[in-house]
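Please look over the sequence and the model below. The report that follows goes through selected residues, a pair of helices and the chain as a whole.

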Amino acid sequence: MKFSGFVLLYTAALALANPALADVEEAKHARQGDMRKMVLHEAPKPAGTVDFMTFEGEPLNLSQWQGKWVLLNFWATWCAPCRKEMPMLSELQTELGGDTFEVLTIATSRNPPPAMKAFFEEIGVENLPLHRDPKSKLSREMGVLGLPVTVILNPEGEEVGRLTGDADWSSLHAYKFLDTLMRPSGS
């Protein structure tokens with residue numbers, strides 16, 4: 001009876017494990033391929049607090065995504081590496097997107113909405129948001145200096161990693177890295 005109580009308690013503890021306590025050290029060792037460019041922070045950093053907007057101009061804030069892992073990608077219509085990377089991000093959202101993970105895309109700087117829409121239509125992306133940061137307030141607050149930049153936010157909304165430049169997000173290396181990073185520490 002005592003043993004079964006321990007197993008039940010252990011199982012409940014695993015189910016309620018804080019996903020923010022991901023094993024960053026293990027994830028560092030899981031970086032291969034393009035994921036080697038991912039810089040993982042020793043401790044989570046605050047993410048941006050400045051509002052950005054929907055395609056239609058309604059205000060949004062990163063705090064609205066707390067509770068799930070977010071792969072936040074800053075891009076622009078004039079960015080050639082963004083054009084190459086975006087279909088892979090779309091595939092990643094198709095494969096992993098849901099209650100615990102989401103790919104969030106934000107066009108930063110001057111990106112006219114019709115150009116943004118045409119960009120996604122030309123590359124066949126239908127499942128990613130056309131969010132905007134037209135005055136680059138969020139990207140400046142988050143220290144985005146070039147494009148594309150991909151930031152990983154934990155469920156508490158903190159930055160745990162950053163990759164500057166494009167990456168193959170549809171690779172097995174990317175899936176393994178994300179799985180390792182998002183797995184609760186010790187599991």
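Ser109 counts as partly exposed because its relative accessibility is 26%, which lies between the limits of 20% and 50%. The model is a predicted one. In this model Ser109 sits in the loop that links strand 5 (101-108) to helix 4 (113-123). Its phi is positive, at about 80 degrees, although Ser109 is not a glycine.

A second serine has a positive phi. Ser136, which is not a glycine either, has a phi of about 55 degrees. Ser136 belongs to the loop between strand 6 (131-133) and helix 5. Is Ser136 buried or exposed? Ser136 is buried, because its relative accessibility of 13% is under the limit of 20%.

The backbone has another feature to note, this time in a peptide bond. Leu147 and Pro148 are joined by a cis peptide bond, with omega about -5 degrees. Pro148 is placed in the loop between helix 5 (137-141) and strand 7 (149-153). Why are such features pointed out? They are pointed out because most residues other than glycine have a negative phi, and most peptide bonds are trans.

**Accessibility of selected residues**

The table lists residues with their place and their relative accessible area.

| Residue | Place | Relative accessible area |
|---|---|---|
| Ser109 | loop between strand 5 and helix 4 | 26%, partly exposed |
| Ser136 | loop between strand 6 and helix 5 | 13%, buried |
| Glu91 | helix 3 | 38%, partly exposed |
| His131 | strand 6 | 11%, buried |
| Lys28 | helix 2 | 15%, buried |

**Three residues and their surroundings**

Glu91 is part of helix 3, which covers residues 80-96. Its relative accessible area is 38%, so Glu91 is partly exposed. Which residues does Glu91 contact, leaving aside its neighbours within four places in sequence? Glu91 is in contact with Ser170 and Tyr175. Between the C-alpha atoms of Glu91 and Asn127 there are 8.8 Å, and these two residues are 36 residues apart along the chain.

His131 belongs to strand 6. With 11% relative accessibility, His131 counts as buried. Not counting residues up to four places away in sequence, His131 touches Phe52, Met53, Thr54, Leu60, Trp65, Leu104, Thr105, Ile106, Ala107 and Met116.

Lys28 is found in helix 2, residues 24-29. Lys28 has a relative accessible area of 15% and is therefore buried. When residues up to four places away in sequence are not counted, Lys28 touches Leu40 and Glu42. Lys28 and Phe177 are 149 residues apart along the chain, while their C-alpha atoms are separated by 8.3 Å.

**The disulfide**

A disulfide is a covalent bond between the sulfur atoms of two cysteines. How many disulfides does the structure hold? The structure holds 1 disulfide. This disulfide joins Cys79 to Cys82, with an S to S distance of 2.3 Å. The torsion about the S-S bond of Cys79 and Cys82 is about 80 degrees, so the disulfide is right-handed. Both Cys79 and Cys82 are buried.

**Helix 3 against helix 4**

Cys82 also takes part in the packing of helix 3 on helix 4. The axes of helix 3 and helix 4 are 10 Å apart, and the helices pack at an angle of about 60 degrees. Angles from 65 to 115 degrees count as roughly perpendicular and those under 35 degrees as roughly parallel, so helix 3 and helix 4 are oblique to each other. The crossing in which helix 3 passes helix 4 is right-handed.

On the side of helix 3, the residues in the contact are Cys82, Arg83, Met86 and Pro87; on the side of helix 4 they are Phe119, Phe120, Glu122 and Ile123. By type, the residues of this contact divide into 6 nonpolar, no polar and 2 charged.

**The chain as a whole**

The protein chain has 6 helices and 8 strands. From the N terminus on, its elements run α-α-β-β-β-β-α-β-α-β-α-β-β-α. The protein chain has 187 residues, and 47% of them count as buried. Among its contacts between residues at least 6 apart in sequence, 76% join residues at least 24 apart.

Key: Residues numbered from 1 in each chain as written. Predicted model: local features only at pLDDT ≥ 70, side-chain atom pairs only at ≥ 80, totals over all residues. Heavy atoms only, no water. Helix = DSSP H or I, 4+ residues; strand = E, 2+ residues; numbered from the N terminus. Buried < 20%, exposed > 50% of the residue type's maximum accessible area, 1.4 Å probe, protein only. Contact = heavy atoms within 4.5 Å. Disulfide = S-S within 2.5 Å. Axes fitted to C-alpha atoms, helices over the stretch in contact; angles between N-to-C directions. Parallel < 35°, antiparallel > 145°, perpendicular 65-115°, else oblique. Left-handed = near helix turned anticlockwise from the far one by under 90°. Nonpolar A, V, L, I, M, F, W, Y, C, P; charged D, E, K, R; others polar.
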